[in-house]
Amino acid sequence: MRTPGADEDLAIGFLYSESVILRAGDVRWVESTDTPNVINVRLSRDRAEILPELLGQRREVVTNSSCGMCGRRTLESLVVNAPPLTPRWTVKSGMILSLAATLRAAQPTFAETGGLHAAGLFDTEGHLELSAEDVGRHNAVDKLLGRMLLNKRMPLDHSLLFVSGRTSFEIVQKAFLGGIGLVGAVSAPSTLAIELARRTGITLLGFVREGRFNIYSHHERLMGTGG
């Protein structure tokens, strides 16, 4: 359940989000196949050996467009045991307001169909580093994480994540795994997303549109907000 395109990136990003792989060296190779909708990924020996334990935490391991939590046995199984992200940079609040328009300009399929979500990675100056489109927001984020991992760009501790639509728990979790300290969206975050952002040290912004936005956590990364 995804929009075709960047399938290898999606596969790697999904495995990274599920903690099956932790770094580029955990992937020996990844390749498309002649069989539709099949990607082969060969893991390193160390990561392959822990697969039975990881898969035992889930009822299923099929990704779909609707929910990154589908297949989990418990909500607690989503929690990542890692220290919160520490603010090491600030960005201008005015720059945040430009992200939605910049990402929209990088959405050719949305412009044609009006039916896809997008996710974009920006640097702290507001320049778009990489974007991805998909019918599911969390799939689009996985495509970004997969490409950056294969390019050996992780962690993304000097990048911002901006997504279309709302921000759900799994979007914030994926950002945390990638080391991304700021997440923004054109719509609202869920309650679980806000709670997770507060716990993990992520600056979470919502309703970034029409010259304004809401701050839900860790405003210290923003300049010009008045606290």
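In this predicted model, leucine 161 of strand 6 has valine 183 of strand 7 as its bridge partner. The two strands run parallel and are joined by four bridges, with strand 7 covering residues 182-185. Between them the chain passes through helix 8, residues 169-178, and the resulting β-α-β crossover is right-handed.

On another side of the pairing pattern, strand 6 meets strand 4, residues 117-123. Here the sense is antiparallel, and the pairing extends over five bridges. Within this arrangement, aspartate 123 stands opposite serine 159.

How many residues of strand 6 are buried? Five of its five residues, 159-163, are buried, and the strand is described as mostly covered. Its side chains divide between two directions: Ser159, Leu161 and Val163 point one way, while Leu160 and Phe162 point the other way. Both sets are buried.

These pairings belong to a wider sheet. Strand 6 is part of an open sheet of six strands with the order 5-4-6-7-8-9 and mixed pairing. Strand 5, residues 128-134, and strand 9 form the edges, each pairing on one side only. From one strand to the next, the twist averages 20 degrees. Strand 8 and strand 9 run antiparallel and are joined by four bridges. In this pair, glycine 206 is matched with asparagine 214 of strand 9.

Helices pack against this sheet. Helix 7 touches strand 4, strand 5 and strand 6, and its direction makes about 135 degrees with that of strand 5. Helix 9 lies across strand 8 and strand 9, running at about 65 degrees to strand 9.

The helix of the crossover can be considered next. Is helix 8 enclosed or exposed? Helix 8 is largely enclosed by the rest of the structure, because ten of its ten residues are buried. The buried residues include the nonpolar Phe169, Ile171, Val172, Ala175, Phe176 and Leu177. Also buried are Glu170, Gln173, Lys174 and Gly178. As for what covers them, the buried residues of helix 8 pack against helix 1, helix 7, strand 6, strand 7, helix 9 (191-200) and strand 8. Two of these partners, strand 6 and strand 7, are the strands that the crossover connects. Just after helix 8, glycine 179 takes a positive phi of about 80 degrees.

One of the packing partners of helix 8 deserves a closer description. Two packed helices are described by the angle between their axes and the distance between the axes. For helix 7 and helix 8, the axes come within 10 Å and cross at roughly 10 degrees. Angles under 35 degrees count as roughly parallel, and helix 7 and helix 8 are therefore roughly parallel to each other. On the helix 7 side, the contact is made by Arg137, His138, Val141, Asp142 and Leu145. Helix 8 contributes Glu170, Ile171, Lys174 and Gly178. By class, the residues of this contact divide into three nonpolar, two polar and four charged.

The loops contain several backbone features. Proline 155 is located between helix 7, residues 137-150, and strand 6. The peptide bond that leads from methionine 154 to proline 155 is cis, with omega near 0 degrees.

Two residues other than glycine have positive phi values. Serine 19, in the loop between helix 1 (7-17) and strand 1 (27-32), has phi near 60 degrees. Glutamate 210 has a positive phi of about 55 degrees and is found in the loop between strand 8 (203-209) and strand 9 (212-217). How do their accessibilities read against the cut-offs? Serine 19 counts as partly exposed because its relative accessibility is 26%, and partly exposed residues fall between the 20% and 50% limits. Glutamate 210 is exposed, with a relative accessible area of 76%.

For the protein as a whole, there are nine helices and ten strands. Buried residues make up 46% of the 227 residues. Of the contacts with a separation of 6 or more, 50% are between residues 24 or more positions apart.

Terms used: Residues are numbered from 1 along each chain as its sequence is written. This is a predicted model: local features need pLDDT of at least 70, side-chain atom pairs count only at pLDDT 80 or more; totals for chains, interfaces and linings use all residues. Side-chain values use heavy atoms; hydrogens and water are left out. Buried means under 20% relative accessible area, exposed over 50%, partly exposed in between (1.4 Å probe, protein chains only). Two strands pair if DSSP finds at least two bridges between them. A crossover is right-handed if, with the strands pointing away from the viewer, the path from the first strand over the helix to the second runs clockwise. Axes are lines fitted to C-alpha atoms, for helices over the stretch in contact, and angles run from 0 to 180 degrees between N-to-C directions. Angles under 35 degrees count as roughly parallel, over 145 as roughly antiparallel, 65 to 115 as roughly perpendicular and the rest as oblique. Contact means heavy atoms within 4.5 Å.
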